[in-house]
Amino acid sequence: MKHFTKLALAGALAALTAGASMAQELYAPNLAYRTGPFAATGIPLMNGQADYMTMLNKRDGGIGGVMINAEECETGYSTEKGVECYEKTKGKAIVTQPWSTGITLQVLPKTNVDMIPILAPGYGFSPMMDGKTFQWSFNTPAGYWDAADMIIQYLESQGSLDGKKIAFLHLDHPFGKEPIPVLEQLAAEKGFSMVPIPVGLKEMQNQSAQWLQIRRERPDYVVMWGWGAMNAGAITEAVKTKFPMENFLGVWWSGHDADLALVGADGKGYKSISWSFPNPDAPVMQDIRTHVIDAGLSKTDATESSGVFYSRGIVISAILSEAVRVAQAQYGTAEINAEQLRWGLENLDMTAERIDELGLTGMLPPFKTSCANHTGHSGGWMLEWDGEKFVKVSDLLTANVDSYRALAAEKAKEYADANAPWPVNEACDATN
């Protein structure tokens, strides 16, 4: 059962609801980071996630008649605190949402033993796309290698990259290093040179040394893999040094409205690839306003709720909720466990029709997962700051996944070998 019509799914869940009077809750904790150097991005994301779950509880009585407990465990984006939160919540959780790539890498081997799925939407270890090897990990709907490929695709659509120079401005952290293997492969294929420019955690707000190097290198483009305070620091430095903003692009975590609002019209032309998009007219937004924001149950405000990151939080919770519904229908129980949710996450079929049924029209591209494909590879849009907000400046871009599928298999094997004995899903057909 990989796809449900609205009628079939509604019928299945109605049957579950009838027997759910004794149900307790679905415990889906979030390893939040509302504090620390990355709080500026964490807060709108967490608010969007929380508001969607609150909306489901208030509007629908939860999912399948079971209320959702989306309790937050604050990590401050610290790997050590993140692992502590994982250990604290794993006992009754049906999912773990680690957020930091560093935390994800630390809990990744633990989930094989604890049998709890990791949901890391648009982040984490890119070879997690190989569901046969990483059977408990999902970076749905798109991974960092997808982002790197789509950014280069977009740049190539503007003209040949042969002989061009791209500065890769990245956080000196597992997150920032993730796309390097694919960018190096693309550089060899397309004929451009890549200049890595790392930004240490203590340098995020003062990047004068990095932008001095950029001025010396005179790259044709700067591609940024930034997060939190690093984004604002880079954008303000780019404006200060008069780098042409139309040649400055970022990953989806570097496309936060508040960062660009700091420079306003001076940031016009800056771009960010994104697998989500804010649509204030989407039905789900009205339901959240009615049941959550107007009811005084939200921590958001009018500015934040219209932005990219708040709406992305909504999309993330919608993906998780859909996996819960799929699992409930498959197993005939409203109170699913972690192993059953894992099945739901690898049997998502987010068609355009289903996205509309969920009220998410225009907010994310269609995608589908399987036992072998734990990313979905939804594709994304290139967004551009117009001086006041982000707007779409491309049709849907889709990653050339086949070009790095062998690389993913190689890196997955390396990881499994280094962490042997590593269980794999032998029943999974890797071609799916």
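**A buried arginine, a helix pair and aromatic contacts**

Arg342 is buried, with a relative accessible area of 12%. That value falls under the 20% cut-off, which means that Arg342 counts as buried. The model is a predicted one. Arg342 sits in helix α14, which covers residues 338-345. What does Arg342 touch, leaving aside residues up to four places away in sequence? The partners are Pro117, Gln135, Trp136 and Phe138. Take Pro117. In sequence, Pro117 and Arg342 are 225 residues apart. In space, their C-alpha atoms are 5.7 Å apart.

Now turn to a helix pair. Two packed helices are described by the angle between their axes and the distance between the axes. Helix α2 spans residues 39-60, and helix α13 spans residues 308-331. They pack at an angle of about 45 degrees. Their axes are 7 Å apart. That angle makes α2 oblique to α13. The reason is the cut-offs: 45 degrees is not under 35, so the pair is not roughly parallel, and it is outside 65 to 115, so it is not roughly perpendicular. The crossing of α2 past α13 is right-handed.

Which residues meet in this contact? From α2 come Thr41, Pro44, Leu45, Asn47, Gly48, Gln49, Asp51, Tyr52, Met53 and Leu56. From α13 come Phe309, Tyr310, Arg312, Gly313, Ile314, Ile316, Ser317, Ala318, Leu320, Ser321 and Arg325. By type, the residues of the contact of α2 with α13 divide into 11 nonpolar, seven polar and three charged.

Next come the aromatic rings. The model holds 29 aromatic pairs. One of them joins Trp227 and Phe309. Their ring centres are 6.4 Å apart, and 40 degrees separate the planes. Why is this pair called tilted? Its planes are neither under 30 degrees apart, as in a stacked pair, nor over 60, as in an edge-to-face pair, so the pair is tilted.

This pair links distant parts of the chain. Trp227 lies in the loop between β7 (221-225) and α9 (229-240). Phe309 lies in helix α13, and is among the residues there that meet α2. The two pair members are 82 residues apart. Are these residues buried or exposed? Trp227 is buried, with a relative accessible area of 3%. Phe309 is buried too, at 1%.

Tyr415 and Trp422 form another pair. Their ring centres are 5.2 Å apart. Their planes stand at 85 degrees, so the pair is edge-to-face. Tyr415 is buried, and Trp422 is buried as well.

Conventions
Residues are numbered from 1 along each chain as its sequence is written. This is a predicted model: local features need pLDDT of at least 70, side-chain atom pairs count only at pLDDT 80 or more; totals for chains, interfaces and linings use all residues. Side-chain values use heavy atoms; hydrogens and water are left out. Axes are lines fitted to C-alpha atoms, for helices over the stretch in contact, and angles run from 0 to 180 degrees between N-to-C directions. Helices (H or I, at least four residues) and strands (E, at least two) are DSSP runs, numbered from the N terminus. Angles under 35 degrees count as roughly parallel, over 145 as roughly antiparallel, 65 to 115 as roughly perpendicular and the rest as oblique. A crossing is left-handed if the near helix is turned anticlockwise from the far one by less than a right angle, and right-handed if clockwise. Contact means heavy atoms within 4.5 Å. Ala, Val, Leu, Ile, Met, Phe, Trp, Tyr, Cys and Pro count as nonpolar, Asp, Glu, Lys and Arg as charged, and the others, Gly among them, as polar. Rings of Phe, Tyr and Trp (its six-membered ring) pair if their centres lie within 6.5 Å; planes under 30 degrees apart count as stacked, over 60 as edge-to-face and the rest as tilted. Buried means under 20% relative accessible area, exposed over 50%, partly exposed in between (1.4 Å probe, protein chains only).
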